[in-house]
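Work through the following exercises with the sequence and the model side by side. Try each task on your own before you read the solution beneath it.

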Amino acid sequence: MFMDRLFAGKLSGDEGQVVLLASPATPRLGPISNPVPDASFASGCCESLSMITKHAPVLIIGSGPAGYTAAIYAARAMLKPMLVAGLQQGGQLVITTDVENYPGFADPIQGPWLMEQMLKQAEHVGTDVINDIITEVDLNVRPFRAKGDSGTTYTADALIIATGAQAKWLGIPSEQTFMGFGVSACATCDGFFYRGKDVAVIGGGNSAVEEALYLSNLAKSVTVIHRRSDFRAERILSERLFKKDNIRVIWDTVVDEITGQSGKTPLPPSVEGLKLRNVVTGQEMHLTVDGVFVAIGHAPAVELFAGKLKQKPNGYLWTAPDSTCTDVPGVFAAGDVTDDIYRQAVTAAGLGCMAALEAEKYLAGIEVHREAAE
């Protein structure tokens with residue numbers, strides 16, 4: 001359903017109009033002497049179409065819970081927001097199956113369905129959702145400018161960045177087969193489904209140790225698999241892990257394959273174990289588990305803003321304390337692109353709400369200054 005929308009596309013500028021910038025290659029039309037346009041005219045039309053500019057008071061980049069929530073609040077404040085969805089419309093939740101920890105639903109819901117509902121709500125209240133990918137931003141000009149992969153230029157008086165973060169994966173083929181069906185990157189999200197079962201955590205940093213500690217309160221056993229001979233995690237976290245009776249560690253080992261049933265209708269895929277290899281001795285072994293949690297870190301989607309916005313030491317966008325304001329006035333960051341602690345859908349939505357409210361306040365302030373200047 002999301003791929004259909006990705007390629008649907010729509011052209012609608014400020015107030016629902018397309019703005020075409022005149023191309024210098026487009027000839028001035030005099031009296032019509034030939035009903036068939038020549039090649040130079042056709043070329044000029046194509047060049048004009050590639051120079052569409054769209055403006056809105058608020059531009060939102062990203063379409064996860066943070067982006068959609070920001071859009072809903074901005075639209076209800078009559079700010080006529082534009083939201084550019086990006087490559088993965090709906091964010092990380094579109095690759096999540098059962099969701100049980102998003103408030104308001106008594107029964108488990110599907111991640112893609114939840115994001116579709118957020119999309120429909122954002123559009124219902126007046127958000128202009130655009131299927132494009134931002135490839136370049138200029139934060140030194142006012143209004144801010146962003147260029148899309150389609151060739152469209154988007155301008156806005158306030159910018160909300162909700163590009164999110166992506167979990168780092170192992171990159172082995174079998175990982176894709178079981179993703180969402182036994183392979184996860186979020187113990188807080190999916191650990192509940194493995195109560196009383198055997199699970200593995202892959203990684204050796206803070207994320208891996210924290211995931212293992214969380215899972216130890218739910219799962220029957222937790223096996224941590226790390227490619228080195230010691231953890232990179234903080235010492236206090238490591239000491240807590242070693243005190244847990246149902247956690248064991250396999251050192252100097254990598255995962256070569258995730259094994260299980262690939263799934264046949266009506267049964268979904270299911271994980272049964274891991275093929276492991278010791279990187280020192282080369283010895284191979286098989287570990288029986290019901291679930292695999294990959295915890296080798298997250299990468300915030302900040303490439304567009306490198307050198308343009310202040311970042312935290314770990315690469316996430318910096319925001320002022322208790323705020324979504326970045327170090328550039330009028331630019332706000334919400335969701336996993338700035339949240340390096342919680343990384344939950346509900347916290348991302350909350351930050352999206354904050355960003356929209358702060359953008360509204362910012363726009364009201366510059367309007368006051370503009371009126372005073374006049």
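## Exercise 1: A parallel sheet and its helix

Task: find how strand β12 (residues 221–225) is joined to β13, and say in which sense the two run.

Solution. Strand β12 and β13 run parallel and are joined by four bridges, where strands are DSSP runs of E with at least two residues, helices are DSSP runs of H or I with at least four residues, and both are numbered from the N terminus. Two strands count as a pair if DSSP finds at least two bridges between them. Within this pairing, Val-224 stands opposite Val-249 of β13. As a next step, look at helix α7 (residues 206–216), which packs on the sheet and touches β11 (198–202), β12, β13 and β17 (291–294); contact here means heavy atoms within 4.5 Å. The direction of helix α7 makes about 165° with that of β11, the axes being lines fitted to C-alpha atoms, for helices over the stretch in contact, with angles from 0 to 180 degrees between N-to-C directions. Finally, place these strands in their sheet, an open one of five strands in the order β10-β17-β11-β12-β13 with parallel pairing. Its edge strands are β10 (183–184) and β13, each of which pairs on one side only.

Before going on, note that the model is predicted, so that local features need pLDDT of at least 70 and side-chain atom pairs count only at pLDDT 80 or more, while totals for chains, interfaces and linings use all residues. Residues are numbered from 1 along each chain as its sequence is written, and side-chain values use heavy atoms, with hydrogens and water left out.

## Exercise 2: Two hairpins and a cis bond

Task: follow the chain through β6, β7 and β8, and work out which side chains of β7 are buried.

Solution. Begin with β6 and β7, which pair in the antiparallel sense over four bridges and are joined by a hairpin through five residues. Asp-138 has Arg-145 in β7 as its bridge partner. The loop between β6 (134–138) and β7 (144–148) contains Pro-143, and the peptide bond from Arg-142 to Pro-143 is cis, with omega near 0°. Then continue to strand β8 (residues 153–161), which runs antiparallel to β7 and is joined to it by four bridges. This second hairpin has four residues between β7 and β8, and Gly-151 in the turn has a positive phi of about 100°. Last, turn to the side chains of β7: Phe-144, Ala-146 and Gly-148 point to one face and are buried, whereas Arg-145 and Lys-147 point to the other and are not. Buried means under 20% relative accessible area, exposed means over 50%, and partly exposed lies in between (1.4 Å probe, protein chains only).

## Exercise 3: Positive phi outside glycine

Task: locate Lys-80, which has a positive phi although it is not a glycine, and decide how accessible Lys-80 is.

Solution. Most residues other than glycine have a negative phi. Lys-80, with a phi of about 50°, sits in the loop between α3 (65–76) and β2 (82–84), and Lys-80 counts as partly exposed because its relative accessibility is 44%. Asp-252 also is not a glycine and has a positive phi of about 50°; the place of Asp-252 is in the loop between β13 (247–250) and β14 (253–261).
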